[in-house]
Amino acid sequence: MSKIVRVGVTFPPELLKDFDDIINTMGYESRSKAIQDSVRLFVSERKWLKEEAEQTGVILMVYNHEVRNIESGLTDAQHHHSNLISSTMHIHIGERDCLEVIAVKGKGSEIRHLRDDLATRKGVKILKATIVNV
């Protein structure tokens, strides 16, 4: 059995209240277990950033299609990284906003470059990558 280490964590009151509300709704028996799960997720979501091994996942992006040259820039970026992209899905979610889901597979470092290329473009509002080891 692995040894447990106690740590102290400080939270702004509003964040702790929101956290407690969510974990109570989910049915967590203890705050510690919820914090462990949260940290585990945080670590796993960022661990792939260092990986050179084969990875797979999705990049979810919301952007304002009215921003000048956004669509052609996003298309160019995807063509530049076409060896990573298995599939894309484009959804209109409002008058100005589009959701694009990009399925990817390749080296973690190359997926990271694609993610960063897309995330830093003017007009991209939200970009979330969920990547796992294959």
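User: Happy to look at this one with you! Which side chain does the side chain of Arg 115 join in a polar contact, and at what distance?

Analyst: Bear in mind that this is a predicted model. Arg 115 sits in helix H4, which covers residues 108-119. Its side chain and that of Asp 116 are joined by a polar contact, and the distance is 2.6 Å.

User: Is Arg 115 buried or exposed?

Analyst: The cut-off for buried is under 20% relative accessible area. Arg 115 has a relative accessible area of 18%, so this residue of the predicted model counts as buried.

User: Good. What span should helix H1 have, and how far apart are its end C-alpha atoms?

Analyst: H1 takes in residues 13-26, which makes 14 residues. At 1.5 Å a residue, the helix should span 20 Å. The computed separation of its end C-alpha atoms agrees with that, at 20 Å.

User: Where on H1 do its buried residues fall, seen down the axis?

Analyst: Phe 19, Asp 20 and Ile 23 are the buried residues of H1. Viewed along the helix axis, the buried residues lie within an arc of 100°, so they line one face of the helix.

User: And which exposed residues does the face turned away from that buried side carry?

Analyst: A helix has a useful regularity here: with 3.6 residues a turn, residues three or four places apart point the same way. On H1, the face turned away from the buried side carries the exposed residues Glu 14, Lys 17, Ile 22 and Thr 25.

User: Let's turn to the interior. How many residues does the largest nonpolar core have?

Analyst: Ile 59, Met 61, Tyr 63, Leu 74, Val 104 and Leu 118 have the most contacts inside this core. Strands S1, S3 and S4 and helices H3 and H4 each supply at least two of its residues. The size of the core is 17 residues.

User: Which residues does Leu 74 touch, leaving aside those up to four places away in sequence?

Analyst: Leu 74 is one of the residues with the most contacts inside the largest nonpolar core. With residues up to four places away set aside, Leu 74 touches Met 61, Tyr 63, Leu 118, Arg 121 and Val 124.

User: Finally, how many residues of S3 are buried, and which strands do bridges join to it?

Analyst: Of the 11 residues of S3, 8 are buried, so the strand is largely enclosed by the rest of the structure. S1 runs antiparallel to S3 and is joined to it by 11 bridges, with Gly 57 partnered by Val 104. S2 also runs antiparallel to S3, through 7 bridges, and Met 89 has Val 101 as its partner. The count is therefore 8 buried residues, and the strands are S1 and S2.

Key: Residues are numbered from 1 along each chain as its sequence is written. This is a predicted model: local features need pLDDT of at least 70, side-chain atom pairs count only at pLDDT 80 or more; totals for chains, interfaces and linings use all residues. Side-chain values use heavy atoms; hydrogens and water are left out. Helices (H or I, at least four residues) and strands (E, at least two) are DSSP runs, numbered from the N terminus. Buried means under 20% relative accessible area, exposed over 50%, partly exposed in between (1.4 Å probe, protein chains only). A polar contact is a pair of N or O atoms within 3.5 Å; within protein, one must be able to donate a hydrogen and the other to accept it, and residues adjacent in sequence count only if both atoms are side-chain atoms. The expected span of a helix is 1.5 Å times one less than its number of residues. The arc is that of the directions from the helix axis to the C-beta atoms. A nonpolar core is a set of buried Ala, Val, Leu, Ile, Met, Phe, Trp, Tyr and Cys residues joined through side-chain atoms within 4.5 Å. Contact means heavy atoms within 4.5 Å. Two strands pair if DSSP finds at least two bridges between them.
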